[in-house]
Amino acid sequence: MTKVLETDVLVIGGGAAGTNAALKAADRGAQVAIVVKGLLGKSGCSIFAAFTPYFTKTDEQARRNRWRFMIRYYNHYLADQEYCARMEDYMCEEFYPDLERLGVYWRRDAQGNLEMINARNRSLVAHKQGATGPILLEKRRREIQRRALPLYEECAVTSLLGDGERVAGATVLDYRTGEFFAIRAKNVVLATGHSDYLATRATGTREQSADGLAMALRAGAELANLEIQWWHVSDVLAPKSWMRYHLYPNPLMGTLETSRLYNSAGEMFYEQKTHSPGASAPYTEQLRRLCLQVQAGKARWDGGYTSGYDHIPGDIIRAYQHQAKVWGKLGLDVARDRIECGITMHMRHGGLNVDTRTMATTVPGLYAAGGLGCHYLGGFGPASYDGKVAGEAAAEDALRRALPRLPQQALEAEAARVFGFLQADAAGPRPMQAKLRVRQIMWDLGYIKNEKNMQAALAALQEVREQSVPRLRLQSASRVWNTGWLDALDTCSMLDACEATVRSGLNRKESRGPFYREDYPYVDNEHWLCRNIVARVDGEWRSRQQKIEVPHLPPEKNREPFFEADY
Amino acid sequence: MKRRYAYFPGCSAKGTCRELDTSTNAVAALFDVELQELENPGCTGAREFRAISEQLHLTANARILALAERVASALVVVCDTCLLNLIEVNQRLREDAAARERVNRALKEEGLQYHGKVEVKHFLWVLTEDLGEAALRARIVRPLRGLRVAPFYGCHIQRPASVLQEHSVRDVPALDWLCTVLGAEVVDYPGATRCCGFHVVRTDEKIALRLSGSHLGQAKGNGAQCVVTPCPLCHTVLDAYQPKMASTHAASGDLPILHVSQLAGLAMGLDADALGIPRHVVACEDVLTHVAGARLASSDRP
Amino acid sequence: MHLRVYRFDPSVDREPRYESYEVPYQPRMRIMDALDYVHEVLAVDIGYRWLCGSKKCGSCAVNVNGLPKLACWEPVQERMTIEPLSNLPVIRDLVTSRAPYEAALAKISPTLVRRTEYAGFPEPLKSTDVAPTAHLRECIQCLACQSACPVLRTGDTDFAGPALLVALSELAQDPRDGAERAALASDVANVFKCISCYACEPVCPAEIPIVREAIEPLKRMAYRVGSTPGARRAHAFLDTVKQRGYANAAAVAARSGDFGLGALGVALKMRRRGKLKFSDALGGRATPGLEGLRRTYETSEKEDK
Ligand SMILES: Cc1cc2nc3c(=O)[nH]c(=O)nc-3n(C[C@H](O)[C@H](O)[C@H](O)COP(=O)(O)OP(=O)(O)OC[C@H]3O[C@@H](n4cnc5c(N)ncnc54)[C@H](O)[C@@H]3O)c2cc1C
């Protein structure tokens, strides 16, 4: 018999969204349990957040800039604009006080004024190792521990359990011990993030295998806009482990200077301040420009171009001690040298189709918060807001309802699936090899898409699913920290998520933001300003569109060539 | 050439390890090195002042540095812990004008002032860096040939690196280098750069016994006939507490522990009594017998 | 490159063993890249932990040739023996349990306990107010320092270790914090059991001056509470220096009241060699000619309030 724990609200994920969901649900008086595949506050993409945008409402000009940035450049009009307005209130009123109360120190000068990145959109920093995310999460982690909220770390949720009507809990594999158990819950908040390690190069942390998407898909939830997949352009190429080190293309604190990109001939081809002054996070623009370089044979997706700060006066750039240290560790001088870069698969815009007033998904009892949702690209602040909304809604609802029945059959079936992989055999194939293959397929599909290469990717994924997965064998059948066992489970999630993503891409017949289809090289706001939804019902793929309202800031043109649109 | 240094022996060399003071002076005399001892210098505070008050830590050390400034351009110490305190404070006060001012305000009443003019060095570095190989070799009359010596550096002559730059001689750590020049064989063992535990020996003795016991056990296991250390605090734990380690920990209880000046003095023909060797708790007879057998070969002359 | 990796699965193996792997060198390679190669290309399921690969999560520290290193940050070496961190229980292969650290952390109440009610964002704070903790805030809890700490390595101690002291010190030096940090430092973390060996500092990937900026400020607080032998000894030491102009082992010991029987054997041996005079322990009068020194010391102590 599988052990079953009980709680009002089960939170899955320990990033910005999950931590806040847990705290806010507990504030509302609900019993909360948190399960984190990595370590809470040390996993997921929240730890990479370099700075947090500083929203104030008093300055009307700043607000207009921000809206234009949020809606146009950051979300390519795919954001839920009413959500944006509510999230803006949260950022103005709650986000900073909540974290500062816990002891976070946002940088100030000697007079006590907040120090800001004073670009068109202002941001604050509270640094730990050059990033703000880790320190914010450290404080939340300790608060969660202080309140003694039950926390299961290095435990992977493997499936959502439903009673036919609503989600009733989840199954968990504690991979440190190999113990498999279930948590029965009145409501589940899924907050597994949107930076997954799904391509050969990706910003997602090691454990991020899109489990959340895959589990939700299997539970019947709708997924939207999965194809709107961001890529970083200026990430370190070598060593490979450093592919998540990002040379920010946007201004650093204390200067409006930005890094530059150079092609293999040494020609500068991108600088934010020159090429996209309106876009504080100009990743999609960087991508398009790199694409032209690649097509001209002057760069590759995996190298052959560089990024650097060598045009910035040495005394300014050397003040970025963390950057200087990172470069120094490679024997490079941040003020003189350039670093070869490659692209990395980054955050996904899309995700679970949610009602942003509660973050409820299309499956009763299941809420999605943070990057996992489809309503907004993400960010530490927005993910925190989502956590709050989902945590509070899930808690309030849970306090009014009884624990749902846990479906025994589904539970045992999941146990059988999980333990089915625990077979040792000296001859492979090893799960890691299947995992690498999936990453390679997505890497090969890459940025430039068309009907043909997406179909080919689908076929290749199908082959892994049918040919490799059933034959996967582990080196040892030990239950204790069995890397291969996890790799096998990850591979299954990755296959589901990647298939859904490619299908979603096939459905979208336009190009937008980071999504480029050669065969539809224009932005089409008339037909594609929508949530492009896929779901799997009884093994069948379904798709539909849900119109996106643009009450505050509509796009200026209905249709324009992709490479001419400035967003 | 006569060399003149200000000299701060520290409390151990004036108390429990008086032989360190004697032997240091004896070796210095061989080289026409004048060590002028400071008068009423007080204390660098060991690890205690810094655990009481930062200002006291700064002032007490600045006071010693200020006294030394009146005497010479370099201040010599024979204790690792004194060395770190003085170097660290010297560095800090040279960089931090406000701290310098505070310190000088306190020193003023005694008519003292800190300017940051002296360099602080360990007597070991006087031998390895200021005098150097040729001068040392010229004085060796009883090379320690065949003597297997385990160097024990002590923490505060190596760490923290931000304060103590490398004092190696041609890439070889100073103490290893000196042993080799004196003709001895250096015994390699992991404990050489580790901690003896002195600073808790009076408050949590078992930690010091465990640590030092294991270092000595390793040294002995790797064939050491004796240990040499530049720090009297390490010496105290390794020597005086060694019998206690023998009963409970890895050490055998019979490994002689020598000061740097004693090892050098022996090679340079000084008398064991003059070097204060009989003052050690662990008997050093075997080392003395070994050394007495040594004769100078022509190859030992530069 | 040659890797020797510690392999141990407590659920099936009777004892640890080492496995060797040949790994081709890639430019700028980190230790983590070498381990990834073993896992990905050689398809060996070594148990090793990492999450971010960019010095943020602090989860990948391992011992390499005997020294703790953050695997994602430090370059590879030609020959590497890779083992789990010391002073923590092994879960499997290179993965250690962080549970003992978390348990110890809970004991020092690692959250801000506000002195006064929170004033709203941005609360009044200047960069100078928090300057003393600037380096401490860089800690990513990789536990390399805990692994390097020789006191913890003795196995039998109630000393909290450097990582815990960094966490505690950050709060203790936070001007907003009003908790009894001195008592925690003194009696729970046992800060005076730090032997000041600095072994923690060179292994810290965040380059925190742990002893000077984390531990010593705590010692000074614990000194004021004064309840531990370490604090008593510091007090006795200073008194002796003030009285005699130098520290005398017997006098300091007598004043700290720690002339326990355990130490007597050692003291007797030292006395036999003329290293110790018991009469020194008897206090007696202050050495004349030291008035200036005493005044200077006392002025400074006072300045530190
Ligand atoms: C490189 C990079 C730089 C960024 N820079 C910034 C920035 O400067 N400013 C900013 O505001 N935002 C930035 N972002 C975006 C921001 O970090 C994210 O949008 C946000 O933090 C997402 O938070 P999250 O909680 O939704 O997801 P994550 O932080 O990704 O958290 C996901 C959590 O789910 C857990 N999990 C996954 N699978 C399972 C499972 N099966 N069972 C249990 N738990 C599971 C993971 O272990 C992890 O704890 C950046 C993102 C990246 C990748």
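Helices here are DSSP runs (H or I) of at least four residues and strands are DSSP runs (E) of at least two, numbered from the N terminus. Everything below comes from a predicted model.

Start with who touches whom. Of the 2 pairs of chains that touch, A and C share the most contacts. Chains A and B, on the other hand, do not touch, and their nearest C-alpha atoms sit 16 Å apart.

At the interface between C and A, 62 residues of chain C meet 71 residues of chain A. About 5,700 Å² is buried between these two chains, with carbon and sulfur atoms giving 52% of that area. On the chain C side, 14% of the buried area is down to just three residues, Arg28(C), Lys56(C) and Phe121(C), which is more than any other three residues supply. As for charge pairing, the rule finds 6 salt bridges across this interface. Lys325(A) makes a salt bridge with Glu207(C), where the closest N and O atoms are 3.9 Å apart. Polar contacts add up to 37 residue pairs between chain C and chain A, counting pairs with both residues at pLDDT 80 or more. Several elements of chain C give two or more residues to the side that touches chain A: helix 1 (31-40), strand 6 (90-92), helix 2 (99-107), helix 3 (127-130) and helix 6 (162-172). Helix 1 of chain C has the largest share, at 5 residues. Sorted by class, this side of chain C comes out at 29 nonpolar, 11 polar and 22 charged residues.

Over at the other interface, the contact takes in 60 residues from chain B and 56 residues from chain C. The area buried between chain B and chain C is about 5,000 Å², and carbon and sulfur atoms give 59% of it. Here the rule picks up 10 salt bridges. Arg105(B) and Glu303(C) form a salt bridge, with their closest N and O atoms 3.7 Å apart. The tally of residue pairs in polar contact between chain B and chain C is 23, again with both residues at pLDDT 80 or more. The elements of chain B that put two or more residues on the side touching chain C are helix 2 (18-30), helix 3 (54-69), helix 4 (80-95), helix 5 (97-108), helix 8 (205-221), helix 9 (232-240) and helix 10 (242-248). Helix 3 of chain B takes the largest share of this side, with 6 residues. The class breakdown for the side of chain B that touches chain C is 24 nonpolar, 15 polar and 21 charged residues.

Chain B also holds an open sheet of 4 strands, ordered 8-5-9-10, with parallel pairing. Strand 8 (185-186) and strand 10 (257-259) of chain B sit at the edges with a single partner strand each, so one side of each has no neighbour in the sheet. Strand 5 (residues 148-151) of chain B runs parallel to strand 8 of chain B, and 2 bridges join them. Within that pairing, Val149(B) stands opposite Val186(B) in strand 8 of chain B.

Next comes the ligand. It has 40 residues around it, the closest being Ser43(A), Ser46(A), Phe51(A), Glu207(A) and Gly379(A). Backbone atoms of chain A come into play here: an N or O atom of the Ala16(A) backbone lies 3.1 Å from an oxygen atom of the ligand, and a backbone N or O atom of Lys37(A) lies 3.0 Å from a ligand nitrogen atom. Gln208(A) uses its side chain, with an N or O atom 3.2 Å from an oxygen atom of the ligand.

A few backbone oddities round things off. Most peptide bonds are trans, and most residues other than glycine have a negative phi. Against that background, the peptide bond from Ala238(A) to Pro239(A) is cis, with omega near 5°. Pro239(A) falls in the loop between strand 11 (229-236) and strand 12 (260-262) of chain A. In chain B, the bond from Arg159(B) to Pro160(B) is cis too, with omega near -5°. Pro160(B) belongs to the loop between strand 5 and strand 6 (168-169) of chain B. Gln129(A) is not a glycine, yet its phi is positive, near 50°. This residue is in the loop that runs between strand 5 (122-124) and helix 4 (133-146) of chain A.

Notes. Residues numbered from 1 in each chain as written. Chains lettered and ligands numbered in written order. Predicted model: local features only at pLDDT ≥ 70, side-chain atom pairs only at ≥ 80, totals over all residues. Heavy atoms only, no water. Contact = heavy atoms within 4.5 Å. Buried area = accessible area lost by both parts, 1.4 Å probe. Salt bridge = Lys/Arg side-chain N within 4 Å of Asp/Glu carboxyl O. Polar contact = N/O pair within 3.5 Å; in protein donor to acceptor, adjacent residues only side chain to side chain. Nonpolar A, V, L, I, M, F, W, Y, C, P; charged D, E, K, R; others polar. Pairing = 2+ DSSP bridges. Near = heavy atom within 4 Å.
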